[in-house]
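Work through the exercises below with the sequence and the 3D view open. Each task is followed by a solution in steps.

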Amino acid sequence: MNYLIAAIIIALAGFGAGWKTQDWRYGAKEKERAENNLEIERIAGADRSRRDTQVIKAQSAGAQRAHVASVDADTARNAADRLRVELDRANANAQLSLDACTRHAAALRGVLDESVAEYRQMGATAEGHANDVRTLTEAWPRE
């Protein structure tokens with residue numbers, strides 16, 4: 001009978017030790033899982049922050065490009081308006097002498113050349129903006 005009681009006590013002690021060991025292993029796995037989850041959340045947060053920064057930079061650059069395009073368009077519009085006014089004056093002054101008409105035509109030619117140069121510059125700028133859009137679109141992360 002003593003052997004039976006001793007065997008039961010040993011079995012219970014073994015069961016308790018096994019139970020405790022499993023509890024420790026489970027606790028260690030839970031701790032590791034929690035640490036992994038924190039690391040995943042940290043990485044995801046860093047990725048979100050990086051993407052948010054990219055979006056803010058892209059929006060800022062886009063706003064700047066839109067502003068420059070607006071200023072360029074206003075400048076071109078003003079140059080066209082000035083040319084229109086000069087042409088109206090030329091029509092009104094059709095009775096000027098040949099020398100005066102020649103000087104006036106030369107001045108108008110200068111305005112026209114300036115306008116052409118501005119339009120060429122605006123075209124080059126527009127092409128650059130289109131290239132920027134393509135570059136950003138192609139570089140944007142696809143997930």
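**Exercise 1.** In this predicted model, find how the side chains of R109 and D113 meet, and give the N to O distance.

Solution. Step 1: the side chains of R109 and D113 form a salt bridge, with N and O 3.3 Å apart. The cut-off to apply is 4 Å between a side-chain nitrogen of Lys or Arg and a carboxyl oxygen of Asp or Glu.
Step 2: R109 and D113 are four residues apart in helix α2 (residues 98-139), so about one helical turn separates them.
Step 3: R109 has a relative accessible area of 52% and is exposed, while D113, at 39%, is partly exposed.
Step 4: the general principle is that side chains of opposite charge can pair when their charged atoms come close.

**Exercise 2.** Check the span of α2 against its number of residues, and list which residues of α2 are buried.

Solution. Step 1: α2 has 42 residues, and at 1.5 Å a residue it should span 62 Å.
Step 2: the end C-alpha atoms of α2 are 61 Å apart, which agrees with the expected span.
Step 3: buried means under 20% relative accessible area; in α2 the buried residues are A100, L108, S115 and T125.

**Exercise 3.** State how many salt bridges a search of the whole structure finds, then describe the one between R42 and E39 and the one between R50 and D47.

Solution. Step 1: the search of the whole structure gives five salt bridges.
Step 2: in one of them, the side chains of R42 and E39 meet with an N to O distance of 2.6 Å. R42 and E39 lie three residues apart in helix α1, so they are separated by about one helical turn. E39 is partly exposed, its relative accessible area being 35%.
Step 3: in the salt bridge of R50 with D47, the closest N and O atoms are 3.9 Å apart. R50 and D47 are also placed three residues apart in helix α1, about one helical turn.
Step 4: R50 counts as partly exposed at 40% relative accessibility, and D47 counts as partly exposed at 30%.

**Exercise 4.** Which residues make the nonpolar surface patch of about 650 Å², and in which helix does L4 lie?

Solution. Step 1: the patch is made by M1, L4, I5, I8, I9 and L12.
Step 2: L4, one of these residues, lies in helix α1, which covers residues 2-92.

Technical notes. Residues are numbered from 1 along each chain as its sequence is written. This is a predicted model: local features need pLDDT of at least 70, side-chain atom pairs count only at pLDDT 80 or more; totals for chains, interfaces and linings use all residues. Side-chain values use heavy atoms; hydrogens and water are left out. Patches are made of residues with over 30% relative accessible area and no salt bridge: like charges are joined within 9 Å, nonpolar side chains (Val, Leu, Ile, Met, Phe, Trp, Tyr) within 5 Å. Accessible areas come from the Shrake-Rupley method with a 1.4 Å probe; for residues, only the protein chains shown count as cover. Helices (H or I, at least four residues) and strands (E, at least two) are DSSP runs, numbered from the N terminus. Buried means under 20% relative accessible area, exposed over 50%, partly exposed in between (1.4 Å probe, protein chains only). The expected span of a helix is 1.5 Å times one less than its number of residues.
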